[in-house]
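Got your viewer open? Let's take a walk through this one, one selection at a time.

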Amino acid sequence: MLNRFSRRTFARLFGSAALAPTALSTFATAASPEATSTAPTERHFPPGFLWGSATASYQVEGAVTEDGRGPSIWDTFSHIPGKVKNNDTGDIADDHYHRYKEDVQLMKALGLKTYRFSVAWPRVFPQGIGTPNPKGLDFYNRLVDELLAAGIQPYCTLYHWDLPQALEDKGGWQSRDTSEAFAAYAGYVAGHLSDRVKYFMTLNEMSSFVGGYSSGRHAPGLKLAPAGVNQVRHHAVLAHGLGVQAIRAHAKPGTKVGLAENANAAVPIIETPEHIAAATKAMREINAGYLTVIMEGRYTDAYLAHAGADAPKFTDADMKAIGTPVDFVGMNIYTPSFIRADDSPAGFARVLSPESYPHMMSPWLHVGPEALYWGPKLAAQIWNIKEIYITENGASSTDVLTPNGNVYDSDRIMYLRNYLTQLHRGVSEGVPVRGYFLWSLMDNFEWADGYAYRFGIHYVDFATQKRTPKMSAHFYREVIARNGLA
Ligand code: GBH
């Protein structure tokens with residue numbers, strides 16, 4: 001289909017004579033006298049590299065009152081007028097709860113090796129704790145079976161922001177009890193799915209959901225003072241640590257446990273030894289409240305000094321749990337944090353971006369492909385990590401729709417090709433990235449941005465729920481088929 005499309009367009013633009021072999025070879029010769037072939041340069045990834053895609057429960061499932069699901073903080077939040085663009089909610093989203101079989105076929109057509117989904121906590125425990133709801137877990141049993149039948153390896157995230165509202169009513173992430181409740185829930189799910197799911201991630205993007213207690217742009221929409229926010233953050237990393245322990249206690253032997261964290265990817269502004277050294281220092285400090293404390297089991301001195309009287313309250317036992325070794329690290333990487341060497345005691349400084357800095361449709365989504373090289377490289381080096389996944393990377397686009405049903409997203413292809421080129425650079429050097437999950441399989445509920453911002457490689461018409469592969473889906477299918485850049 002791609003070939004037919006290209007030939008047709010090429011002919012329309014340049015006339016059909018341009019497609020004649022002589023015209024093509026003349027063109028190639030003129031452009032590059034040395035070229036002996038017009039075959040694309042293939043830059044391969046290691047055999048077995050896991051090409052995947054990712055979604056999250058509240059963003060795709062819909063069916064929010066079905067089969068005993070309890071409300072989550074995102075149901076509550078999205079129904080408060082003015083909180084989400086156009087007052088969109090996840091009530092229906094992609095209706096994936098009913099259409100998961102069709103969606104697994106989309107994955108199969110792409111050639112995906114793996115798929116990362118998240119479990120909605122309030123489906124499994126409608127009250128957050130207590131009596132499980134078997135129908136809730138059944139959905140994930142069916143999904144996992146469908147994936148395995150299609151030859152796709154499931155990667156399961158346990159928390160992608162849909163906290164049961166019943167727990168929020170008791171303080172949510174401000175309460176240590178939520179960390180304990182998370183561990184109980186995580187152990188329960190892993191106990192039931194680990195006969196078929198081999199990889200579990202505890203929490204997705206702690207800093208993003210902690211933002212729901214500081215900027216208030218995400219659920220539950222609170223704006224706490226710094227001491228409160230630091231305590232919420234501590235409960236998040238504690239939930240991760242207790243979750244790792246609970247999963248290990250309940251899952252089948254051989255199950256691997258990690259997390260999916262949007263670690264800030266420090267990128268040296270210029271690749272000189274001094275800027276690289278600065279970026280290496282920065283990578284630890286700018287992630288001090290999350291990845292660093294998890295990998296090291298202690299808050300850095302700079303983090304505690306900076307927090308001062310607002311520092312979180314914790315025990316030695318907390319720190320031991322937080323530092324429980326993980327089997328792998330998942331990194332969600334979208335944007336770079338540019339760093340330069342500096343004479344300050346810290347030894348580094350952020351390089352601020354000018355107004356003109358290029359971004360994708362989402363204003364925050366600054367384009368910086370090097371993030372996919374430096375992020376995992378520095379993390380592996382600093383913490384001696386042996387197994388890394390890029391658990392999310394992708395882009396929003398305004399997507400050009402043509403009357404005959406094509407969806408052209410050349411900017412998303414540009415973004416992906418450039419990021420994958422940098423990933424390839426790292427993997428070729430031995431950076432231990434084993435897989436890549438493109439965000440996202442299909443357009444979905446983009447949190448506070450509602451349905452206005454599309455991250456999918458499949459276009460979703462939300463009125464009819466029709467899915468259409470975008471040009472980027474064809475691109476990605478080609479990457480997967482070659483196990484290399486296309
Ligand atoms: C990820 O967040 C999420 O895991 C995923 O669910 C989401 O759909 C995807 O990426 C695309 O956004 O509007 O200025 O307040 C990415 C990290 C952190 C980026 C919060 C947007 C809000 C910036 N996100 N951030 S702002």
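Which atom of the ligand lies 3.0 Å from a polar side-chain atom of Glu-392? An oxygen atom: pick Glu-392 and the ligand together, and you'll find that pair of atoms 3.0 Å apart. Keep in mind along the way that this is a predicted model.

**Stop 1: around the ligand**

Stay with the ligand and add Tyr-334, which also puts a polar side-chain atom 3.0 Å from a ligand oxygen. Then add Trp-439, where a polar side-chain atom sits 3.2 Å from an oxygen atom of the ligand. On its own the ligand would expose 580 Å², and the protein buries 76% of that.

Now bring up the whole shell, which has 15 residues. Gln-59, His-160, Arg-217, Glu-446 and Trp-447 are the closest of them. Color the shell by type and you should get six nonpolar, five polar and four charged residues.

**Stop 2: a cis bond at Trp-439**

Keep Trp-439 selected and step along to Ser-440. The peptide bond joining the two is cis, with omega at about 10 degrees. Ser-440 itself belongs to the loop between strand 13 and strand 14 (458-461).

There's another one to look at: go to Ala-219 and Pro-220, whose connecting peptide bond is cis with omega near 5 degrees. Pro-220 sits in the loop between helix 10 and helix 11 (226-250). Both are worth a look, because most peptide bonds are trans.

**Stop 3: Ser-208**

From that loop, go back to helix 10 (residues 206-210) and select Ser-208. Buried or exposed, with Ser-208 at 16% relative accessibility? Buried: the cut-off is under 20%, and Ser-208 has 16%. Show side chains and look for the polar contact of 2.7 Å between Ser-208 and Glu-205. Leaving aside residues up to four places away in sequence, Ser-208 touches Trp-161, His-218 and Asn-262.

**Stop 4: Thr-89**

Next, select Thr-89, in the loop between helix 4 (73-78) and helix 5 (96-110). Thr-89 lies in a loop, yet at 16% relative accessibility this residue counts as buried. What does it touch, beyond residues up to four places away in sequence? Show Tyr-58, Ser-78, His-79, Phe-445 and Tyr-451 and you have the contacts of Thr-89. A polar atom of the Thr-89 side chain also lies 3.2 Å from the backbone nitrogen of Asp-91.

**Stop 5: the loop before helix 4**

Slide back to the loop between helix 3 (57-60) and helix 4, where you'll find Thr-65. Thr-65 is exposed, with a relative accessible area of 72%. For a sense of scale, draw a C-alpha to C-alpha distance from Thr-65 to Met-319: the two are 38 Å apart in space and 254 residues apart in sequence.

Asp-67 lies in that loop between helix 3 and helix 4 too. Its relative accessible area of 29% makes Asp-67 partly exposed. Check the backbone here: Asp-67 isn't a glycine, but its phi is positive, at about 50 degrees. That's one to notice, because most residues other than glycine have a negative phi.

For another case, jump to Asn-483, in the segment after helix 18. Phi of Asn-483 is near 50 degrees, again positive in a residue other than glycine. Asn-483 is buried, at 16% relative accessible area.

**Stop 6: helix 17**

Select residues 410-429, which make up helix 17. How far apart are its end C-alpha atoms? They are 29 Å apart, which agrees with the 28 Å that 20 residues should span at 1.5 Å a residue. Its buried residues include Ile-413, Leu-416, Leu-420, Leu-423 and Val-427. Show what the buried residues pack against: strand 1 (50-54), helix 16, strand 10 (388-393), strand 13 (433-439) and helix 18 (471-482). Just past the helix, Gly-430 has a positive phi of about 100 degrees.

**Stop 7: helix 12**

Last selection: residues 273-285, helix 12. With 13 residues at 1.5 Å each, it should span 18 Å, and the end C-alpha atoms, 19 Å apart, agree with that. Highlight the buried residues His-275, Ala-278, Ala-279, Thr-280, Ala-282 and Met-283. Among the elements they pack against are strand 6 (265-268), helix 13 (288-296), strand 8 (336-341) and helix 16 (371-383).

Conventions. Residues are numbered from 1 along each chain as its sequence is written. This is a predicted model: local features need pLDDT of at least 70, side-chain atom pairs count only at pLDDT 80 or more; totals for chains, interfaces and linings use all residues. Side-chain values use heavy atoms; hydrogens and water are left out. Helices (H or I, at least four residues) and strands (E, at least two) are DSSP runs, numbered from the N terminus. Buried means under 20% relative accessible area, exposed over 50%, partly exposed in between (1.4 Å probe, protein chains only). A polar contact is a pair of N or O atoms within 3.5 Å; within protein, one must be able to donate a hydrogen and the other to accept it, and residues adjacent in sequence count only if both atoms are side-chain atoms. Contact means heavy atoms within 4.5 Å. The expected span of a helix is 1.5 Å times one less than its number of residues. A residue is near a molecule or strand if one of its heavy atoms lies within 4 Å of it. Accessible areas come from the Shrake-Rupley method with a 1.4 Å probe; for residues, only the protein chains shown count as cover. Ala, Val, Leu, Ile, Met, Phe, Trp, Tyr, Cys and Pro count as nonpolar, Asp, Glu, Lys and Arg as charged, and the others, Gly among them, as polar.
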